[in-house]
Amino acid sequence: MSKELKIEAAKAALGFVKDGMKLGIGTGSTADEFIRLLAVEVKNGLSIIGVPTSERSHALCAELEVPLTTLEETPELDLTIDGADELDGDMRLIKGGGGALLREKIVAAASGQMVVIVDESKVVETLGTFPLPIEVNPFGLGATRIAISKLADKLGLVGEIALRGGDKPFVTDGGHFILDASFSRIPDAEGLSDELLNIPGVVQHGLFIGLASAAVIAGPEGIRIIKR
């Protein structure tokens, strides 16, 4: 998505924000544009308080003087605005390309609504073209990887399961590693979601099911908004 489209999509998402809201603030390049626009509205008198989903978003919000809180202080939020790596017709998502999926899911689940900002290229018939991020505990990494491979075989899923960062593993804000599973096609997202969480070394995964209530989709023809 071009920067111009990201800004237009962020503007449209800003339309969901009302005075007095407690906001979950997402992570990524599109979320960055939303934060910049939100900061302008705050300076113009909009009263909100935000919970960022990553250290990156926290730093940008702090720099632009967007008022912040934590989930400990404010455990129930009105709305989360965030991006996604894939979106299907049932408003299911793959997230975690930026590595913040655990905090993103915790914040989204604590919110009354979640609005997703994507461009047309992220809209798919079936999830899976984008590698599914699986956040895992570094302890027992090899055993966890084997368990995920066995589960994939059982579900008929084929593809490489790669440690993000390779020899210098990417470390999440929570201190975990990420395995990226290139399954190409995930016909039963709910089944995979449930079974992955039964593997002890899996902390969380990037399938967001039943969390998004609306999507702002940016494309060459402009912005369209769909709701669940």
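**Reading helices, sheets and cores in a predicted model**

Colleague: Which residues of helix 6 (residues 189-196) are buried?

Modeller: In this predicted model, the buried residues of helix 6 are A189, G191, L192, S193 and L196. As a general idea, an α-helix has 3.6 residues a turn, so residues three or four places apart point the same way. The buried residues of helix 6 include A189, L192 and L196, and what covers the buried residues of this helix includes strand 7, helix 5, strand 10 and strand 11.

Colleague: Before going further into details, how many helices and strands does the chain have?

Modeller: The chain has six helices and 13 strands. Its radius of gyration is 17 Å, close to the 17 Å that the globule rule gives for 228 residues, so the chain is as compact as a globular protein of that length. Along its principal axes the C-alpha trace spans about 55 × 40 × 30 Å, and buried residues make up 52% of the 228 residues. Among contacts between residues at least 6 apart in sequence, 73% join residues at least 24 apart.

Colleague: Several of these strands form sheets, and I would like to read one by its strand order; in what order do the strands of the four-stranded open sheet stand?

Modeller: The order is 8-9-7-10, and the pairing is antiparallel. Strand 8 (161-163) and strand 10 (202-205) stand at the edges, each with a single partner strand, so one side of each is left without a neighbour in the sheet. Neighbouring strands of this sheet are turned by 30° against each other on average, direction ignored. For the pairings themselves, strand 7 (residues 132-136) and strand 9 (residues 177-181) are joined over five bridges in the antiparallel sense, with L132 standing opposite A181. Strand 8 and strand 9 likewise pair in the antiparallel sense, over three bridges, and L163 has L179 in strand 9 as its bridge partner.

Colleague: Which way do the residues of strand 9 point?

Modeller: The general idea is that in a regular strand the side chains alternate between the two faces of the sheet. Here F177, L179 and A181 point one way from strand 9, while I178 and D180 point the other way, and all are buried. Strand 9 is accordingly mostly covered, with five of its five residues buried.

Colleague: Which strands does helix 4 (residues 101-109) lie across, and which does helix 5 (residues 141-155)?

Modeller: Helix 4 lies across strand 7, strand 9 and strand 10, running at about 65° to strand 10. Helix 5 lies across strand 7, strand 8, strand 9 and strand 10, and runs at about 160° to strand 8.

Colleague: Turning to the parallel pairing, how many bridges join strand 1 (residues 22-25) to strand 2 (residues 49-52)?

Modeller: Four bridges join these two strands, which run parallel, and I25 stands opposite P52 in strand 2. Strand 1, helix 2 (residues 29-43) and strand 2 together make a right-handed β-α-β unit.

Colleague: Then for the packing, which residues touch the most other members of the largest nonpolar core?

Modeller: This core has 27 residues, and V17, L23, F34, L38, I48 and L79 touch the most other members. The elements that give two or more residues to it are helix 1 (3-14), strand 1, helix 2, helix 3 (55-63), strand 3 (77-83), strand 6 (111-119) and strand 12 (214-219), and helix 2 gives the most, with five residues. Leaving aside residues up to four places away in sequence, V17 touches L23, F34, L46, I48 and L79. A second, separate core of 24 residues includes A152, I186, I199 and L207.

Colleague: Finally, what is the strand order of the open sheet of three strands?

Modeller: The order is 4-5-11, with antiparallel pairing. Strand 4 (86-87) and strand 11 (207-208) stand at the edges, each with a single partner strand, so one side of each is left without a neighbour in the sheet. Strand 4 pairs with strand 5 (residues 93-94) over two bridges in the antiparallel sense, and the bridge partner of L87 in strand 5 is L93.

Terms used. Residues are numbered from 1 along each chain as its sequence is written. This is a predicted model: local features need pLDDT of at least 70, side-chain atom pairs count only at pLDDT 80 or more; totals for chains, interfaces and linings use all residues. Side-chain values use heavy atoms; hydrogens and water are left out. Two strands pair if DSSP finds at least two bridges between them. A crossover is right-handed if, with the strands pointing away from the viewer, the path from the first strand over the helix to the second runs clockwise. Axes are lines fitted to C-alpha atoms, for helices over the stretch in contact, and angles run from 0 to 180 degrees between N-to-C directions. Contact means heavy atoms within 4.5 Å. A nonpolar core is a set of buried Ala, Val, Leu, Ile, Met, Phe, Trp, Tyr and Cys residues joined through side-chain atoms within 4.5 Å. Buried means under 20% relative accessible area, exposed over 50%, partly exposed in between (1.4 Å probe, protein chains only). The radius of gyration is taken over C-alpha atoms; the globule rule is 2.2 Å times the number of residues to the power 0.38.
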